[in-house]
Amino acid sequence: MGKNYNVGIIGATGMVGQRFITLLSEHPWFNIKVLAASSRSAGKPYKEAVGAKWCMDEDIPDAVKDMVVMNATEDVEKIASMVDFVFCAVDMKKDEIKALEERYAKAECPVVSNNSAHRHTPDVPMVLPELNPEHIEIIPSQRKRLGTKRGFIAVKPNCSLQGYVPALFPLSKFGVKDVLVCTYQAISGAGKTFKTWPEMVDNVIPYIGGEEEKSEKEPLKIWGHIEGDKIVDATSPNFTAQCLRVPVSNGHMGAVFVRFENKPTKEQMLEIWKNFKGRPQELELPSAPKQFLNYFTEDDLPQTRLQRGLEHGMAISIGRLREDTQYDYKFVCLSHNTLRGAAGGAVLLAELLCAEGYMD
């Protein structure tokens, strides 16, 4: 692509905001123009605003160290005038996030959001780029509602389901009927490290607020379809989920049990996973993994420490596919929750929107 895009990061001091910075600091299409956060950080150089909260393995990129942080809620129009679009990863109440993202959109600034606030707004596409890229076609309807020419909101799904839904979605022709999933989720999903959350060392917490509801409901929007001016959720598959927080820094694991209308063979499933490609692979987007779904034949793989970084953390790892006594099959999945699951997934969505002309 010939054009480069100036972008802003709203919520730049949080963990996902930090991850956006590391991903975008050398991105071939996107140039970080604005960093914005709460009033506590506004007016300070970024390195001072984030301070000891910086928790990435890499150092703060030199290009943003001295960038003065803007006020995410008070400088909306000014930020909108400086960038082509923004990434949003703020820590606010859900109704406040919805209002803030609509303010940016109405200021003719597209928003690619990591937040959950708009995931179930009927004309806001919630896109996992390899699976339901056609949902971005709802954007003209959203612009009509908002009264905008350029501005819109697009969101990515919850981080935990991005490990197992990509393994199930390509099997839709067999009629994915019932899914039971248990997720084992890293502490970075809560914006924590072992330093800031020592209680998680040698511990498992069998509850993550709101996570099970998201895991059961959000896949139905991904499986849904556009009807008129809204995206209509699918009525199946039926999902039930249990979500646990485990003492792992990064990487969400899922144990999946699935029942089909027409049971495929194991060989058919493996062949589909091996050959599956989505729109990001067709377009050769910068952040797209070349091999999206990776199956490991070893009994003890995938492992979080070994496979979470596969293809820069953007690939999905699958293993232990076998028949089940109550469901048809069971298997395990792994994804990197702050890369594919959060900031990386949003960057890939932004690349798709740019490639398809929605940022022009």
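**Exercise 1. Locating a residue.** In which loop is Asp 229 found?

*Solution.* The model studied here is a predicted one. Begin by looking for the two strands on either side of the residue: Asp 229 is found in the loop between strand S8, residues 225-227, and strand S9, residues 230-232. Next, consider its surroundings, where, once neighbours within four places in sequence are left aside, Asp 229 is in contact with Asp 123, Ile 138 and Ser 141. Then turn to accessibility: the value for Asp 229 is 53%, and because exposed means over 50%, this residue counts as exposed. Finally, compare sequence with space, for Asp 229 and Leu 306 are 77 residues apart in sequence, while their C-alpha atoms are 44 Å apart.

**Exercise 2. Reading a sheet with parallel pairing.** Find the strand order of the open six-stranded sheet with parallel pairing, and explain why S3 and S6 stand at its edges.

*Solution.* Reading across the sheet, the order is S3-S2-S1-S4-S5-S6. At the edges stand strand S3 (70-71) and strand S6 (153-155); each has a single partner strand, so one side of each is left without a neighbour in the sheet. Within the sheet, strand S1 (residues 5-10) runs parallel to strand S4 (residues 85-88), and four bridges join them. One place to look at this pairing is Gly 8, which stands opposite Val 86 in S4. To complete the picture, add helix H1 (residues 15-24), which lies across S1, strand S2 (30-37) and S4, and which runs at about 160° to S1.

**Exercise 3. Reading a sheet with mixed pairing.** Describe the open six-stranded sheet with mixed pairing, and follow S14 to its partners.

*Solution.* The strands of this sheet come in the order S10-S7-S11-S14-S13-S12. Its edge strands are S10 (238-245) and S12 (293-296), each of which pairs on one side only. Neighbouring strands are turned against each other by 25° on average, with direction ignored.

Now take S14 and look at one partner after the other. Strand S11 (residues 252-260) is joined to S14 (residues 329-335) by seven bridges, and these two strands run antiparallel. Along this pairing, Val 256 stands opposite Phe 331, and Gly 254 stands opposite Cys 333. S13 also pairs with S14 in the antiparallel sense, over five bridges, with Ser 317 opposite Leu 334. The connection from S13 to S14 is a hairpin through five residues. As a last step, count the buried residues of S14: six of its seven residues are buried, so this strand is largely enclosed by the rest of the structure.

**Exercise 4. Finding the buried side of a helix.** Which residues of H9 are buried, and what covers them?

*Solution.* First, place the helix: H9 (residues 266-275) lies across S11, S12, S13 and S14, and runs at about 175° to S13. The buried residues in H9 are Met 269, Ile 272 and Trp 273. They cover an arc of only 95° around the axis, which puts them on the same side of H9. On the face turned away from this buried side, H9 carries the exposed residues Glu 267 and Lys 274. The cover over the buried residues includes H7, S11, S12, S13 and S14.

Then examine Met 269 more closely. With 0% relative accessibility, Met 269 counts as buried, and, if residues up to four places away in sequence are not counted, it touches Leu 171, Phe 260, Pro 264, Leu 321 and Tyr 329. Although Met 269 and Ala 167 are 102 residues apart along the chain, their C-alpha atoms are separated by 9.2 Å. The other helix to place is H7 (residues 161-168), which lies across S7, S10, S11, S12, S13 and S14 and runs at about 130° to S14.

**Exercise 5. Rings and charges.** How many aromatic pairs does the structure hold, and which rings have a charge over them?

*Solution.* Starting with the rings, the structure holds 17 aromatic pairs. One aromatic cluster is formed by Tyr 5, Phe 20, Trp 29, Phe 30, Phe 85 and Phe 87. For the charges, look first at Arg 259, whose charged end sits over the ring of Tyr 327 at 4.3 Å from its centre. Then look at Lys 263, which lies over the face of Tyr 329, 5.2 Å from the ring centre.

Terms used:
Residues are numbered from 1 along each chain as its sequence is written. This is a predicted model: local features need pLDDT of at least 70, side-chain atom pairs count only at pLDDT 80 or more; totals for chains, interfaces and linings use all residues. Side-chain values use heavy atoms; hydrogens and water are left out. Two strands pair if DSSP finds at least two bridges between them. Axes are lines fitted to C-alpha atoms, for helices over the stretch in contact, and angles run from 0 to 180 degrees between N-to-C directions. Contact means heavy atoms within 4.5 Å. Rings of Phe, Tyr and Trp (its six-membered ring) pair if their centres lie within 6.5 Å; planes under 30 degrees apart count as stacked, over 60 as edge-to-face and the rest as tilted. A charge sits over a ring if NZ of Lys or CZ of Arg is within 6 Å of the ring centre and within 35 degrees of the ring normal. Buried means under 20% relative accessible area, exposed over 50%, partly exposed in between (1.4 Å probe, protein chains only). The arc is that of the directions from the helix axis to the C-beta atoms.
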